[in-house]
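Here are my notes on the model you sent. They are numbered so that you can reply point by point.

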Amino acid sequence: MVITGRSAGQRIRRAAAEAVARTTRPDGSGRGSLVAFGALAAADLAAVAGDRTRGVRRAAKPLLMPALASYVLRRRAGERTPAPAPLVAGLACAAAGDTALLFDEHEPAFLLGMAAFLGTQAGYTAGYVRLGALRGLRRRPWPAVGCLAGWAAVNAALAPSLEKRLRLPVAGYSLALTAMGAAALGVGGRVAAGAAAFVGSDLLIGLQAAGRRVPSQELLIMAGYILGQYLITTGWLDRLDEPVPGAGREADTRAGAGGAPSERSAPRLRAV
């Protein structure tokens, strides 16, 4: 019996390892993972629309970010092409946060979810800096200043309605969220649009924690979050696929000098 049990355990571990390998094996597009993400998103939004907002009835929710992470890994050109570590780490933290927040009627689960999403904000902000966010913010600093002013105003308005023991964690997390949103403005494009949707979703959660209600609040929270994560992820990967500025001119110069341009003539940002 012991041998049989051990053999069954080995088969389960082997099957699990093969499943993980299939969902992370590069195919250059990741289209299947993106389809899975869309199906999971539709299932979760349908659950929320049907007022099934907590517990096991939201089984699709913890799978959303793993599906996006699978897309990131499968979209790579090959096994040796690195995935953007801050993005993958941020999605992993978000998956942990999504799971914890299924039970956010219990305060420890709410705080655990907030801590996990703090990791998401830190990872995304670090990744945006690598994508050139600081250069963008130096050119146009005022939107970022507006984000910080908005953070101060919202916290001042909501803090009196929060339980005292939640005020400091909420203020700290929301500051990290605001920093992520401000850095995304320096990147621009879909990344900035996705960050705005993410911030809007979390603002609705803050209103909810403070006892403020808006129509279809739960549905708006999840729709904004799902859209935000999708736009951030796809916008990030598209930015990494862009040629480095000046690379084409460098390749033309070498070709004109008699050198044959190689794959490295137009380096990408893929390793960011």
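1. L227 sits in helix α10. Is this residue buried, partly exposed or exposed? L227 is partly exposed, because its relative accessibility is 43%, and the buried class requires under 20%. Its C-alpha lies 9.7 Å from that of S201, and the two are 26 residues apart in sequence. Please keep in mind throughout that this is a predicted model.

2. Now the overall fold. The protein chain has 11 helices and 0 strands. Read along the sequence, the pattern is therefore α-α-α-α-α-α-α-α-α-α-α, with helices counted as DSSP runs. Of the contacts with a separation of 6 or more, 75% join residues 24 or more positions apart.

3. Burial and surface come next. The protein chain has 272 residues, and 40% of them count as buried. The exposed area is about 14,300 Å². Carbon and sulfur atoms supply 64% of that area.

4. Which residues touch the most other members of the largest nonpolar core? They are M65, Y124, Y128, F198 and W236, in a core of 48 residues. The elements giving two or more residues to this core are α2 (31-49), α3 (64-74), α4 (85-100), α5 (107-130), α8 (164-187), α9 (189-209) and α10 (217-241).

5. M65 deserves its own entry. Leave aside residues up to four places away in sequence. M65 then touches F37, L91, A94, A95, D98, Y225 and Q229.

6. T120 belongs to helix α5. T120 counts as buried because its relative accessible area is 0%, against a limit of 20%. Where does its side chain find a polar partner? A polar atom of the T120 side chain lies 2.8 Å from the backbone oxygen of G90. Beyond its neighbours within four places in sequence, T120 is in contact with G90, C93, A94 and F198. F198 is also one of the core residues that touch the most other members.

7. A116 is in helix α5 as well. At 14% relative accessibility, A116 counts as buried, since the class covers values under 20%. Residues up to four places away set aside, A116 touches C93, A96 and G97. A116 and A100 are 16 residues apart in sequence, with their C-alpha atoms 8.6 Å apart. C93 thus turns up in the contact list of A116 and in that of T120.

8. On cysteines: how many disulfides does a search of the whole structure find? The count is 0. A disulfide is a covalent bond between the sulfur atoms of two cysteines. C93 is partly exposed, because its relative accessibility is 26%. C147 is partly exposed too, because its relative accessibility is 25%. Both values lie between the 20% and 50% limits of that class.

9. Last, the geometry of α8. This helix has 24 residues. From its first C-alpha to its last, α8 reaches 36 Å. That is close to the 34 Å expected at 1.5 Å a residue. G188 follows α8 and has a positive phi, near 80°. α8 (164-187) also appears among the elements that give two or more residues to the largest nonpolar core.

How values were computed:
Residues are numbered from 1 along each chain as its sequence is written. This is a predicted model: local features need pLDDT of at least 70, side-chain atom pairs count only at pLDDT 80 or more; totals for chains, interfaces and linings use all residues. Side-chain values use heavy atoms; hydrogens and water are left out. A nonpolar core is a set of buried Ala, Val, Leu, Ile, Met, Phe, Trp, Tyr and Cys residues joined through side-chain atoms within 4.5 Å. Buried means under 20% relative accessible area, exposed over 50%, partly exposed in between (1.4 Å probe, protein chains only). Helices (H or I, at least four residues) and strands (E, at least two) are DSSP runs, numbered from the N terminus. Contact means heavy atoms within 4.5 Å. Accessible areas come from the Shrake-Rupley method with a 1.4 Å probe; for residues, only the protein chains shown count as cover. The expected span of a helix is 1.5 Å times one less than its number of residues. A disulfide is a pair of cysteine sulfur atoms within 2.5 Å. A polar contact is a pair of N or O atoms within 3.5 Å; within protein, one must be able to donate a hydrogen and the other to accept it, and residues adjacent in sequence count only if both atoms are side-chain atoms.
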